[in-house]
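Me: I am new to reading protein structures. Could you walk me through one, feature by feature?

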Amino acid sequence: MTTSSAGPSLTPAAQLAEKARTPFPGASPAYDAARKALLAEEIEFRRHMTRLVSQRQALPPGPVIAKDYRFKDEQGFDVGLADLFGDKDTLVTYFWMYGPQRERPCPMCTNWLGSVEGNAADIKQQVALKVLGRSPVERQYAFAQERGWRDLNFVQTVGDDYARDLGILMDDGSEYPALVVFKKDGDQVRLFWASEMTKEMADPGQDPRDAPDIAALWSILDLTPGGRPAKWYPKLKY
């Protein structure tokens, strides 16, 4: 047994992995041994993920958002950041790459939002969820209708201060996505967490990505023998 100061004693992962049984007959001893070794790593990975969640939730209060960022909501009303919370105390935002200069949104942003759409109604039972973009809100909703998205709420950023302050709008007009979580603190809004893994932090031979990777596309492909293809992006039918 191992002991953690942050929680109960845990059975060693390798010991737990011995309980596994390959679901189909005929596996070689080499397969069984390698699969149990992999399962032990998967158990350790799950435990590390759990520690990451606890560490994230224990973050001290983030900075107060002092600038009065303005947005245009789904009804076309001019609103502030605090208004995007609705009746919730937590706001999850995703800035997608759909600026007015783009003919169509970023395929990867589209793919990610497509998977979030399937859970958006459930997510919004717990927290506010808004998709922010630089294109007019009517244009964003037109694309959402084309894709059959019904539960995502789109918001237009008024002006470019928000995107520039996040460092995701370049001088040439190119954009990057941003996943940011805000928390209400009385009458103030504070940053809770923002994705900060930039492309400079990517390991050699890998596309930049967050950890955990919450994109269903990649999580599923990672389960396959070929894994995620190098330098490949989904070819979505527009």
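**Reading the rings and their surroundings**

Reply: Let's start with two aromatic residues: Trp96 and Tyr98 are both buried, where buried means under 20% relative accessible area, exposed over 50% and partly exposed in between, using a 1.4 Å probe and protein chains only. Keep in mind that this is a predicted model, in which local features need pLDDT of at least 70 and side-chain atom pairs count only at pLDDT 80 or more, while totals for chains, interfaces and linings use all residues. Residues are numbered from 1 along each chain as its sequence is written, and side-chain values use heavy atoms, leaving out hydrogens and water.

Me: How many aromatic pairs are there, and what counts as one?

Reply: Rings of Phe, Tyr and Trp (its six-membered ring) pair if their centres lie within 6.5 Å; planes under 30 degrees apart are stacked, over 60 edge-to-face, and the rest tilted. By this rule the count is eleven aromatic pairs. Trp96 and Tyr98 make an edge-to-face pair, with 5.1 Å centre to centre and 75° between the planes. Trp96 also pairs with Trp149, and this pair is tilted, at 6.2 Å and 55°.

Me: Why does the pair of Trp96 and Trp149 tie together parts that are apart in sequence?

Reply: Trp96 lies in the loop between β5 and α3, and Trp149 in the loop between α4 and β7, so their pair ties together parts 53 residues apart in sequence. Those labels come from DSSP runs, numbered from the N terminus: helices are H or I with at least four residues, strands are E with at least two. Trp96 has a relative accessible area of 0%, and Trp149 has 11%. Ring pairs link Trp96, Tyr98, Tyr141, Phe143, Trp149 and Phe154 into a cluster.

Me: Which residues have side chains joined to Arg134 by a polar contact?

Reply: A polar contact is a pair of N or O atoms within 3.5 Å; within protein, one must be able to donate a hydrogen and the other to accept it, and residues adjacent in sequence count only if both atoms are side-chain atoms. The side chain of Arg134 has one such contact of 3.3 Å with that of Gln101 and another of 3.0 Å with that of Glu175. Arg134 sits in the loop between β6 (128-133) and α4 (137-147), and Arg134 is buried, with a relative accessible area of 13%. Beyond its neighbours within four places in sequence, Arg134 is in contact (heavy atoms within 4.5 Å) with residues including Phe95, Tyr98 and Asp160.

Me: What span does helix α3 have, and where is its kink centred?

Reply: The expected span of a helix is 1.5 Å times one less than its number of residues. Helix α3 (residues 107-123) has 17 residues and reaches 23 Å from first C-alpha to last, close to the 24 Å expected. For a bend, take the angle between axes fitted to the seven residues ending at a residue and the seven starting there. In α3, a kink of about 45° is centred on Glu117. Glu117 is among the buried residues of α3, which also include Trp112 and Leu113. Their cover includes β5 (90-95), β6, α4, β7 (154-158), β8 (178-185) and α6 (216-221).

Me: How many helices and strands does the protein chain have?

Reply: The protein chain has six helices and nine strands. Of its 238 residues, 30% count as buried.
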